[in-house]
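Trainee: I am new to this structure, and I would like a close look at one single part of it, followed patiently from start to finish. Please take your time, and tell me how far the picture can be trusted.

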Amino acid sequence: MTTLVIILAVVVVVAAGLFFAFGRKTGGHGLRRRFGPEYDRAVDRHDGDTKAAEHELSERLKRHRSLDERPLTPEARDEYTARWARIQDRFVDSPQQAVADADALLAELARDLGFPDGKDFGEQSDALSVHHAEHVHGYRRVHAARRGEGDTEEMREALVEARGLFDVLVSNGTDAPVSRDPHHAEGSGTA
């Protein structure tokens, strides 16, 4: 009987050790899978320290995981879509103003969906990264372009990339894709 208890204790200790060792590794892979490019951005910000980056991302998950996006009304969805189209139309004549307007529109849209207020860009973009990690980089690029970082081509690319986040947010998780005017399609050569 004592031998059996010792064997069970050893098995439990070994299993716990294996779980801790592989669970930790899997946690990192899980964060990498969940956050995609955002994971790499966090690692870069921490000078390659994956443990610090994973801690940051885990904390971000704890803060924002339970956020429930509020649905947009069809009217609000149409209004946001029309405003985005006007922003794109203004880009040719005023690229700096267009990216500033896109940045403000994304902040307002995110707030209306239940994300933290856009007055704290870092907090809002962190929350967006938990729910829309594949698209939040475009928002960051537009925000940087708003501050004058980049030339006209970089602003155009930022606006095009931010359109991905806009589309995801304005579609609000529905199966109905955002309808676009054909001359605003990303592949058409216009922002």
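Mentor: A helix here is a DSSP run of H or I at least four residues long, and helices are numbered from the N terminus. In that sense, arginine 45 belongs to helix H2, which covers residues 37-45. Please keep in mind that this is a predicted model. Arginine 45 has a relative accessible area of 45%, and because a value between 20% and 50% counts as partly exposed, that is how we describe arginine 45. Once its neighbours within four places in sequence are set aside, arginine 45 is in contact with Glu56 and Arg60, and with glutamate 56 the side chain of arginine 45 makes a polar contact of 3.1 Å.

The part I would choose for the close look is helix H4, since among the elements of the protein H4 has the highest mean pLDDT, 96, while helix H1 (residues 2-35) has the lowest, 65. Helix H4 consists of the 17 residues 74-90, and because each residue should add 1.5 Å, a span of 24 Å is expected, with which the 25 Å between its end C-alpha atoms agrees. The residues of H4 that are buried are Arg77, Tyr80, Thr81, Trp84, Ile87 and Gln88. Around the axis of H4 these residues cover an arc of only 120 degrees, and therefore they lie on the same side of the helix. The general reason is that an α-helix has 3.6 residues a turn, so residues three or four places apart point the same way. On the face of H4 turned away from this buried side we find the exposed residues Glu75 and Asp78, whereas the buried residues pack against helix H5 (95-112) and helix H8 (152-171).

The packing of rings comes next, and the structure holds 2 aromatic pairs. In one of them, the ring centres of tryptophan 84 and phenylalanine 166 are 4.7 Å apart and the planes stand at 20 degrees, so this pair is stacked. Because tryptophan 84 lies in helix H4 and phenylalanine 166 in helix H8, the pair ties together parts that are 82 residues apart in sequence, and both of these residues are buried. In the pair of phenylalanine 121 and tyrosine 139, the ring centres are 4.9 Å apart with the planes at 70 degrees, so that pair is edge-to-face. It, too, links distant parts of the chain, with phenylalanine 121 in helix H6 (residues 121-131) and tyrosine 139, 18 residues away, in helix H7 (residues 136-146); both phenylalanine 121 and tyrosine 139 are buried.

Helix H6 also contains aspartate 126, which is buried, with a relative accessible area of 15%. Leaving out residues up to four places away in sequence, aspartate 126 touches Arg60, Arg63, His64 and Arg140.

As for trust, the protein averages a pLDDT of 80, and 77% of the residues score at least 70. Over residues 21-26 the pLDDT stays under 50, and the model gives this stretch 3 contacts beyond four places in sequence. Residues 175-191 also have a pLDDT below 50, although that stretch has 32 contacts in the model beyond near neighbours in sequence. Where pLDDT is low, the predicted coordinates should not be read in detail.

Technical notes. Residues numbered from 1 in each chain as written. Heavy atoms only, no water. Helix = DSSP H or I, 4+ residues; strand = E, 2+ residues; numbered from the N terminus. Expected span 1.5 Å × (residues − 1). Buried < 20%, exposed > 50% of the residue type's maximum accessible area, 1.4 Å probe, protein only. Arc of directions from axis to C-beta. Contact = heavy atoms within 4.5 Å. Phe/Tyr/Trp six-rings, centres within 6.5 Å; stacked < 30°, edge-to-face > 60°. Polar contact = N/O pair within 3.5 Å; in protein donor to acceptor, adjacent residues only side chain to side chain. pLDDT = per-residue confidence, 0-100.
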